[in-house]
Amino acid sequence: MLPFVAAQPLLDHHCHGLLRSSGDLAGLLNEADGAATASGMPFDSLAGVALRRWCPPLLGLPPHASVESYQDRRAALGWDEVSRRFLGASGLTALCVDTGYTPADLLSPGETAELAGATAFEVVRLEQVAESLARSGVGAADFPDAYRSALSERVTAPSFGITVVGFKSIAAYRVGLELDGRRPADGEVVAAATRWLGGAAGGTPPRLADEVLHRFFIWCGADLGLPIQFHVGYGDKDIDLHRCNPLLLTRLLRALEPTGVPVMLLHNYPYHREAGYLAQVFPLVYADLGLATHNAGARATALLSEALELVPLRKFLFSSDAFGLPELYYLGTLLFRRALSAFLSSLVDAGDMSYADAERITRLIGAENARRAYRLD
């Protein structure tokens with residue numbers, strides 16, 4: 001690995017919290033769940049192979065140790081020690097933590113970042129704010145103003161006592177990315193909220209799957225001036241992948257451009273080339289590979305090379321999208337470093353890039369692009 005890539009502190013601009021206690025290794029290794037993880041199926045994937053290659057040495061085992069011996073050693077060391085080893089070895093300087101996905105008991109952003117010796121920032125999920133309002137009993141007629149006020153309050157009085165640096169939309173999961181670019185009027189929002197809240201059962205709001213509401217949330221986020229992250233592409237089986245091509249966002253991107261708000265396209269696989277194109281032609285669009293990096297294992301180098309074909313190198317960011325397992329923070333950073341090093345080495349060795357430019361690009365992608373886009377300085 002190129003020495004400056006190995007030493008570069010990484011700013012993870014999109015990840016999640018760490019589990020408070022040991023989780024299901026097979027069930028959290030990739031996006032499969034339920035019967036798809038039976039008999040340890042995820043271990044027989046490139047992500048599983050990467051885990052068995054790179055993670056055992058941090059627990060005092062040889063590379064390629066069996067799954068059984070790895071799990072036994074993991075249990076013997078204890079969850080706290082395993083977490084400290086993997087996050088401490090990840091070389092992270094800051095974590096931008098999405099706090100909107102909590103299917104299990106997670107450490108706070110600050111607690112997760114502390115294990116890595118890093119600074120914590122929060123990313124607020126737009127839909128979570130709406131769901132909290134629905135549970136509080138807000139009426140449809142009051143919903144537009146109540147949502148604007150609640151979202152603003154999440155920034156000015158953050159729940160975890162750390163700086164909120166951005167918002168995230170999961171419209172891809174609920175309605176797909178073919179969103180109208182037009183800002184919805186309050187009357188439209190009230191009508192949409194009436195449909196949504198009218199389906200509540202026992203105080204629990206139904207699935208938030210109204211295009212008008214998702215578009216309203218995005219515009220409210222843009223009004224507050226913070227970057228907006230979009231889940232794009234690869235995800236669990238709750239998603240209709242063909243509706244998650246970032247090109248479907250084109251109308252909305254055109255409409256958002258005058259606001260000056262950065263748009264962060266997350267994950268993107270298998271649409272990483274399309275995301276690179278959008279980052280090239282729209283001045284405020286950024287892209288990453290997110291959770292695709294560790295899922296691709298040894299193929300992460302090829303994936304990164306494709307993602308960087310068109311994207312301006314000042315608009316590509318590092319993220320792990322790690323959730324729950326400490327191994328995912330480590331694999332996300334390590335496989336990214338290996339992929340970036342191989343990509344840059346091939347250009348330097350061919351004479352297509354200077355060594356000094358390779359160092360500069362590493363700084364940009366590793367941390368500086370995110371610091372600039374999220375205004376962390």
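**Exercise 1. How many of the residues of strand 6 (residues 263-267) are buried?**

Solution. The model is a predicted one, in which local features need pLDDT of at least 70 and side-chain atom pairs count only at pLDDT 80 or more, while totals for chains, interfaces and linings use all residues. Residues are numbered from 1 along each chain as its sequence is written, and side-chain values use heavy atoms, with hydrogens and water left out.

Step 1: take the terms, where strands (E, at least two residues) and helices (H or I, at least four) are DSSP runs numbered from the N terminus, and where buried means under 20% relative accessible area, exposed over 50%, and partly exposed in between (1.4 Å probe, protein chains only).

Step 2: apply them to strand 6, which is mostly covered, with five of its five residues buried.

Step 3: turn to its pairing, for which DSSP must find at least two bridges between two strands; strand 5 and strand 6 pair in the parallel sense over five bridges, and Ile228 stands opposite Val263 in strand 6.

**Exercise 2. Describe the sheet, its order and its edges.**

Solution. Step 1: the open sheet has seven strands in the order 1-2-3-4-5-6-7, with parallel pairing.

Step 2: strand 1 (10-15) and strand 7 (285-287) each have a single partner strand, so one side of each is left without a neighbour in the sheet.

Step 3: on average, neighbouring strands of this sheet are turned by 25° against each other, direction ignored; axes here are lines fitted to C-alpha atoms, for helices over the stretch in contact, and angles run from 0 to 180 degrees between N-to-C directions.

Step 4: as a further pair, strand 2 (residues 92-98) and strand 3 (residues 119-125) run parallel over five bridges, and Asp98 has Val123 in strand 3 as its bridge partner.

**Exercise 3. Analyse how helix 10 packs on helix 11, and place helix 11 on the sheet.**

Solution. Step 1: helix 10 (residues 186-197) and helix 11 (residues 211-223) pack at an angle of about 125°, with their axes 9 Å apart.

Step 2: angles under 35 degrees count as roughly parallel, over 145 as roughly antiparallel, 65 to 115 as roughly perpendicular and the rest as oblique, and helix 10 and helix 11 are therefore oblique to each other.

Step 3: list the contact, meaning heavy atoms within 4.5 Å, in which Glu188, Val189, Ala192, Ala193 and Trp196 of helix 10 meet Val212, Leu213 and Phe216 of helix 11.

Step 4: helix 11 also lies across strand 4 (164-169) and strand 5 (228-232), running at about 145° to strand 5.

**Exercise 4. Describe the packing of helix 7 on helix 8.**

Solution. Step 1: the axes of helix 7 (residues 126-136) and helix 8 (residues 143-156) come within 10 Å and cross at roughly 125°, which makes helix 7 oblique to helix 8.

Step 2: Leu126, Gln128, Val129, Ala130 and Leu133 in helix 7 meet residues of helix 8, among them Phe143, Tyr147 and Arg154.

**Exercise 5. Locate the backbone features in the loops and after helix 17.**

Solution. Step 1: the peptide bond from Tyr269 to Pro270 is cis, with omega near 0°, and Pro270 lies in the loop between strand 6 and helix 13 (272-281).

Step 2: Ser39, although not a glycine, has a positive phi of about 60°; Ser39 lies in the loop between helix 2 (25-29) and helix 3 (46-54) and is exposed, with a relative accessible area of 81%.

Step 3: Arg375, in the segment after helix 17 (355-373), has a positive phi near 55° and counts as exposed at 51% relative accessibility.
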